[in-house]
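Here are some worked exercises to go through with the model open beside you. Try each task on your own before reading its solution.

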Amino acid sequence: MLRVENAILFNNWKCFESYQGKVDRIYYGSEFCGSLLPTPADIDRLVEIRRETKISFSIVTPYLNQRGMKRFLRLLTFIDRNCPGIEVVVIDWGSVHVIREQFPGVVIVLGRVLSRQKRAPFVKTESGIIRMEELGLSHADKMYLKSSILQNDYLMGFVRQCGIRRLGLDNMRQGLIFQHQWMKIDLYYPYVYITTTDYCEHRRRMGFVNGGGCPCFCRDVPVARKVRMGKEWVYTHGNTQFYLNEILPVGMPAQVDRIVKIVF
């Protein structure tokens, strides 16, 4: 049986400083905002924490436009020179290609977005917005909703060919299935990803437009809000929406060896 690590994911150092739970590994960075790509200074701080506490770390990266890709290349160059062998979590295939071609010493981890799980927590019906588990679905439908694109053998053959041996999955309320025994799994909780956008709540409040400079004040002042939709709360953090599921699944895949707690 695999030993399960306790990891935390954050992009705000105040979250780490105030966190009280057990930590075996840090996931640092943003999955969804190119303006929050980690910097060399962040890497130096993580290396120092590892030296002092023995807590390992992984770097988390978002979708990237062309400008963001240039910063990403500089970051990978710094990582490759100063701490080779570090895990970098990516959520787009372009990042996978860049790392494979130019930085073979960097360990690629597939982020949870690339799993394409069926994440919608509710559906709209004639009687209103209803939670997925209240629909009275058949066994076949339930199994389908637990699956992901990672059940595709052709895709997973490509993943294996790329030398990738770890990926992330969301802790969906309907549960999850995963069949490939050679892969290790990060299970993200308690916030399950729903959707994201280029239009950021912080930018709206501050009057910035897409493509303009962003002061990234959310590094210091994290902002999260929630909106009621039927019986469901939807949480907005930055440019992304989530729903909450604090219950870890019964009979989760044996390949899960890290629980990644998302900290806002």
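A residue is called buried when its relative accessible area is under 20%, and exposed when that area is over 50%. Please keep in mind that the model is predicted.

**Exercise 1. Decide whether E5 is buried or exposed, and find its contacts.**

Step 1: Locate the residue. E5 belongs to strand β1, which covers residues 5-10.

Step 2: Apply the cut-off. The relative accessible area of E5 is 16%, and the limit for a buried residue is under 20%, so E5 is buried.

Step 3: Look for its contacts. With neighbours within four places in sequence set aside, E5 is in contact with D24, R25, D257, R258 and I259.

**Exercise 2. Work out which face of helix α4 is made of buried residues, and what they pack against.**

Step 1: List the buried residues. In α4 (residues 93-102) they are S95, V96, V98 and I99.

Step 2: Look down the helix axis. The buried residues fall within an arc of 165°, so they line one face of α4.

Step 3: Find the packing partners. The buried residues of α4 pack against α3 (66-82), β4 (87-90) and β5 (107-110).

Step 4: Check the start of the helix. The N-terminal end of α4 is capped by D92, with a side-chain oxygen 3.0 Å from the backbone nitrogen of G94.

**Exercise 3. Put the strands of the open sheet that contains β10 in order, and say which of them stand at the edges.**

Step 1: Read the order. The 4 strands run β10-β13-β12-β11, and their pairing is antiparallel.

Step 2: Pick out the edges. β10 (191-196) and β11 (224-229) each have a single partner strand, so one side of each has no neighbour in the sheet.

Step 3: Consider the twist. On average, neighbouring strands of this sheet are turned by 30° against each other, direction ignored.

Step 4: Zoom in on one pairing. β10 and β13 (residues 240-244) run antiparallel and are joined by 5 bridges; T196 has T240 as its bridge partner in β13.

**Exercise 4. Trace the strand pairings of β9, and describe how enclosed β9 is.**

Step 1: Start with β8. This strand pairs with β9 in the parallel sense over 5 bridges, and R166 stands opposite K184 in β9.

Step 2: Go on to β14 (residues 256-262). β9 and β14 run parallel and are joined by 5 bridges, with D186 opposite R258 in β14.

Step 3: Count the buried residues. In β9, 5 of the 6 residues are buried, so this strand is largely enclosed by the rest of the structure.

**Exercise 5. Describe the surroundings of D170.**

Step 1: Place the residue. D170 lies in β8 (residues 166-170) and is buried, with a relative accessible area of 0%.

Step 2: Find a polar partner. A polar atom of the D170 side chain lies 3.4 Å from the backbone nitrogen of Y193.

Step 3: Add the other contacts. Not counting residues up to four places away in sequence, D170 touches several residues, including R112, R119, L187, Y191 and Y193.

**Exercise 6. Classify the aromatic pair of W13 and F16.**

Step 1: Recall how such a pair is described. The two quantities to use are the distance of the ring centres and the angle of the planes.

Step 2: Read off the values. W13 and F16 are 6.0 Å apart centre to centre, with 85° between the planes, and the pair is edge-to-face.

Step 3: Place the pair. Both residues, W13 and F16, lie in helix α1 (residues 13-18), 3 residues apart or about one turn of the helix, and both are buried.

Step 4: Widen the view. The structure holds 12 aromatic pairs, and ring pairs link F32, Y191, Y193, Y235, F242 and F264 into a cluster.

**Exercise 7. Find where the backbone takes uncommon values.**

Step 1: Recall what to expect. Most residues other than glycine have a negative phi, and most peptide bonds are trans.

Step 2: Check phi. K54 has a positive phi near 70°; K54 is found in the loop between α2 (40-53) and β3 (56-60) and is exposed, at 69% relative accessible area. R116 has a positive phi near 55°; R116 lies in the loop between β5 and β6 (122-125) and is exposed, at 58%.

Step 3: Check the peptide bonds. Y189 and P190 are joined by a cis peptide bond, with omega about 0°, and P190 is in the loop between β9 (184-189) and β10.

Notes
Residues numbered from 1 in each chain as written. Predicted model: local features only at pLDDT ≥ 70, side-chain atom pairs only at ≥ 80, totals over all residues. Heavy atoms only, no water. Pairing = 2+ DSSP bridges. Helix = DSSP H or I, 4+ residues; strand = E, 2+ residues; numbered from the N terminus. Axes fitted to C-alpha atoms, helices over the stretch in contact; angles between N-to-C directions. Buried < 20%, exposed > 50% of the residue type's maximum accessible area, 1.4 Å probe, protein only. Arc of directions from axis to C-beta. Contact = heavy atoms within 4.5 Å. Polar contact = N/O pair within 3.5 Å; in protein donor to acceptor, adjacent residues only side chain to side chain. Phe/Tyr/Trp six-rings, centres within 6.5 Å; stacked < 30°, edge-to-face > 60°.
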